[in-house]
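Here is a short briefing for a first look at a structure. Please keep the model open while you read.

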Amino acid sequence: MNCPECGTETVVFTVDPDLRECLPGEEPGAALCPRCLAVRPAADPPTGDPDFSQLGDAFPSNVEAGVPMALLLGLLSSLALYREEIAALLERVERAGTDPLLVIDRLAGDPSIDSDVDLGRRRHQLEQLL
């Protein structure tokens with residue numbers, strides 16, 4: 001599946017039912033673009049573990065942290081609207097052993113990523129949210 005925003009091949013993954021409230025729509029999965037970080041619902045996600053390595057070393061490779069981190073990136077465009085969901089996802093990523101603010105810092109510094117969201121600014125706002 002290619003990203004409708006930039007045309008890059010996306011990372012498609014299954015979203016657990018308890019996390020689907022953080023994803024618009026009723027689809028059982030999502031697709032994360034490793035270039036623009038856009039997140040879209042996916043109707044037919046693969047059943048195996050996703051390969052988050054396309055996002056570089058900064059992104060968590062384990063599903064327990066990677067999936068909520070991907071969903072978190074998809075909600076960063078509207079902190080005010082998704083405040084509760086973002087706080088829950090931040091906590092879940094931390095419980096899985098990953099520092100989500102460090103991930104955002106590293107993604108912000110990655111020259112291969114061209115996100116519409118100012119990750120550095122959002123990181124500062126997330127820090128205040130916590």
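The points below cover the core, one helix, the aromatic rings and a pocket.

This is a predicted model. Its largest nonpolar core has 36 residues. The largest share of that core, eight residues, comes from α1. The largest pocket holds about 240 Å³ of space.

**The nonpolar core**

- Six of the 36 core residues touch the most other members: F13, L32, F59, L71, L76 and L107.
- Two strands, β1 (11-14) and β2 (29-32), each supply at least two residues of this core.
- The helices α1 (63-75), α2 (83-95), α3 (100-108) and α4 (119-129) also supply at least two residues each.
- L32 is a good residue to look up, and its contacts beyond four places in sequence include T10, V11 and F13.
- L32 also touches L37, A38, V39, L55, F59, A70 and L73.

**Helix α1**

- α1 is mostly covered, with ten of its 13 residues buried.
- The buried residues are A65, G66, V67, P68, M69, A70, L71, L72, L73 and L75.
- The cover over these buried residues includes β1, β2, β3 (39-42), α2 and α3.
- How far apart are the end C-alpha atoms of α1? They are 18 Å apart. At 1.5 Å a residue, the 13 residues should span 18 Å, so the two values agree.
- In general, an α-helix has 3.6 residues a turn, so residues three or four places apart point the same way.

**Aromatic rings**

- A pair of aromatic rings is described by the distance of the centres and the angle of the planes.
- The whole structure holds two aromatic pairs.
- In one of them, the ring centres of F52 and F59 lie 5.0 Å apart. Their planes meet at 45°, so this pair is tilted.
- Are F52 and F59 buried or exposed? F52 has a relative accessible area of 2%, which is under the 20% limit, so F52 is buried. F59 is at 4% and is therefore buried too.
- F13, F52 and F59 form one aromatic cluster. F13 and F59 also appear among the core residues that touch the most other members.

**The largest pocket**

- Rolling a probe the size of a water molecule over the atoms shows where empty space is left.
- The largest pocket is lined by 14 residues.
- Which residues lie nearest its centre? They are C36, L37, A38, V39 and V117.
- β3 and α1 each supply at least two residues of the lining.
- L37, A38 and V39 of this group are also touched by L32.

Technical notes: Residues are numbered from 1 along each chain as its sequence is written. This is a predicted model: local features need pLDDT of at least 70, side-chain atom pairs count only at pLDDT 80 or more; totals for chains, interfaces and linings use all residues. Side-chain values use heavy atoms; hydrogens and water are left out. A nonpolar core is a set of buried Ala, Val, Leu, Ile, Met, Phe, Trp, Tyr and Cys residues joined through side-chain atoms within 4.5 Å. Buried means under 20% relative accessible area, exposed over 50%, partly exposed in between (1.4 Å probe, protein chains only). Helices (H or I, at least four residues) and strands (E, at least two) are DSSP runs, numbered from the N terminus. Contact means heavy atoms within 4.5 Å. Rings of Phe, Tyr and Trp (its six-membered ring) pair if their centres lie within 6.5 Å; planes under 30 degrees apart count as stacked, over 60 as edge-to-face and the rest as tilted. The expected span of a helix is 1.5 Å times one less than its number of residues. On a 1 Å grid over the protein atoms alone, a cavity is a set of points where a 1.4 Å probe fits but cannot get out, and a pocket is an open set with protein on both sides within 12 Å along at least five of seven lines; lining residues have an atom within 4 Å of a point. Grid points are joined across faces, edges and corners, and a volume is the space filled by probe spheres set on the points.
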